[in-house]
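User: Let's go through this one together. I'll keep asking what each label rests on.

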Amino acid sequence: MSCDCIRENHYVLEVDEARDTLHRTKGPLASFQSSAVRAELFDKLTVSMTEGVVRSSAAAAAPDPVTYERSVYEKGLSFERPPFTFQSLEWEAQAESRMSAESKGYVVGNAGTGETARKNREAFAKWSIVPQRLIKTTRLPDLSTTVLGKTMPFPIATAPVGVQRIFNPMGELASAAAAAKESIPYIMSTASATSIEDVAKANGNGTRWYQLYWPSNQHNDITASLLSRAKRSGFSALFVTLDTYILGWRPTDMDNG
Ligand SMILES: Cc1cc2nc3c(=O)[nH]c(=O)nc-3n(C[C@H](O)[C@H](O)[C@H](O)COP(=O)(O)O)c2cc1C
């Protein structure tokens with residue numbers, strides 16, 4: 001592999017008036033790229049990580065939730081504790097405590113005082129799943145559905161998230177492989193820190209869609225190049241993000257300069 005994607009994405013974002021310019025040009029990746037030696041090391045590291053991820057995602061498919069839950073209790077019988085907490089509300093705080101101020105600012109930070117983010121959470125919390133108690137079943141309910149021509153076991157896909165290597169060294173390789181393993185469509189961000197081709201490889205036979213920050217019409221050649229690479233790499237649908245032509249007012253990022 002080469003670092004073309006990183007250079008190309010970086011270029012895209014230089015000409016794009018997108019919020020992510022700030023993160024990519026000032027993030028750890030930019031300083032990583034600044035030396036040729038480091039870029040070469042980065043290439044080698046990425047190749048070995050991709051191979052590792054592709055190998056591990058080709059391993060056994062994820063067990064169903066009931067089997068998995070039972071295996072946790074079975075291990076507990078021999079005092080084997082899970083490597084992480086199952087209390088998912090604690091994951092965010094645990095991740096935050098391990099992140100640099102810059103990564104935290106990017107991942108956790110909101111626009112303004114965070115009022116819209118708060119309102120979104122409140123609105124989402126009004127919805128609940130109501131079980132139907134009197135229906136006899138021996139299996140988990142069938143939640144399968146079809147989205148964009150793909151049959152999915154449940155209606156969940158990953159939202160596009162940029163520059164994932166600023167908070168995990170394997171970045172998009174890990175999330176693309178995990179999405180494939182769980183049969184969840186993976187949406188790759190234009191601002192990814194991993195090439196389109198390597199993400200596709202890590203995602204294997206998974207369903208993958210591509211998110212586009214549309215560079216200005218002056219640079220349609222770049223857009224065409226990104227899209228043709230995505231198409232060649234098996235991305236089957238396109239998501240165009242329209243809300244980042246003007247940089248959002250993000251106090252956490254501004255505090256980190
Ligand atoms: C850290 C972070 C990075 C994101 N990066 C992108 C991106 O590169 N492209 C994009 O279209 N949306 C990006 N988004 C927006 C998300 O895909 C999603 O639309 C948004 O967070 C709303 O969903 P939520 O309420 O579940 O967070 C990002 C969001 C976060 C929190």
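Analyst: First the ground rule for elements: helices (H or I, at least four residues) and strands (E, at least two) are DSSP runs, numbered from the N terminus. This is a predicted model, where local features need pLDDT of at least 70, side-chain atom pairs count only at pLDDT 80 or more, and totals for chains, interfaces and linings use all residues. Residues are numbered from 1 along each chain as its sequence is written. On that basis the protein chain has 12 helices and 5 strands.

User: Where is Val72, and what makes it buried or exposed?

Analyst: Val72 sits in helix H5, residues 65-77. The cut-offs use C-beta atoms placed from the backbone: 20 or more others within 10 Å is buried, 12 or fewer is exposed, and in between is partly exposed. Val72 has 12 within 10 Å, so it goes down as exposed. Its C-alpha atom is 7.1 Å from that of Pro82, 10 residues apart along the chain.

User: How do you know whether Leu148 and Val163 are buried or exposed?

Analyst: Leu148 has 13 other C-beta atoms within 10 Å, so partly exposed is the label. Val163 counts as buried because 23 C-beta neighbours lie inside 10 Å. Leu148 is in the loop between strand E1 (145-147) and strand E2 (150-152), while Val163 is in the loop between E2 and helix H9 (171-181). Neither is a glycine, yet phi is positive: about 50° for Leu148 and about 35° for Val163. Chain-wide, buried residues make up 25% of the 257.

User: Which residues of H7 are buried, and what puts them on the same side?

Analyst: In H7 (residues 101-108), they're Ser103, Gly105 and Tyr106. They cover an arc of only 160° around the axis (taken from the directions from the helix axis to the C-beta atoms), so they share one side of H7.

User: Why does one side of E3 and of E5 have no neighbour in the sheet?

Analyst: Strands pair if DSSP finds at least two bridges between them. The open sheet has 3 strands in the order E3-E4-E5, with parallel pairing. E3 (186-188) and E5 (235-241) are at the edges with a single partner strand each, so one side of each has no neighbour there. Neighbouring strands are turned by 30° against each other on average, direction ignored. E3 and E4 (residues 208-213) are joined by 3 bridges, and Met188 stands opposite Tyr210 in E4. E4 is mostly covered, with 5 of its 6 residues buried.

User: What makes a residue part of the ligand's surroundings, and how does that shell divide?

Analyst: Near means that the C-beta atom, placed from the backbone, lies within 6 Å of the molecule. The residues around the ligand include Tyr106, Asn120, Ser189, Gln211 and Thr241. Nonpolar covers Ala, Val, Leu, Ile, Met, Phe, Trp, Tyr, Cys and Pro; charged covers Asp, Glu, Lys and Arg; the others, Gly among them, are polar. By that scheme, the shell has 6 nonpolar, 5 polar and no charged residues.

Note on methods: Axes are lines fitted to C-alpha atoms, for helices over the stretch in contact, and angles run from 0 to 180 degrees between N-to-C directions.
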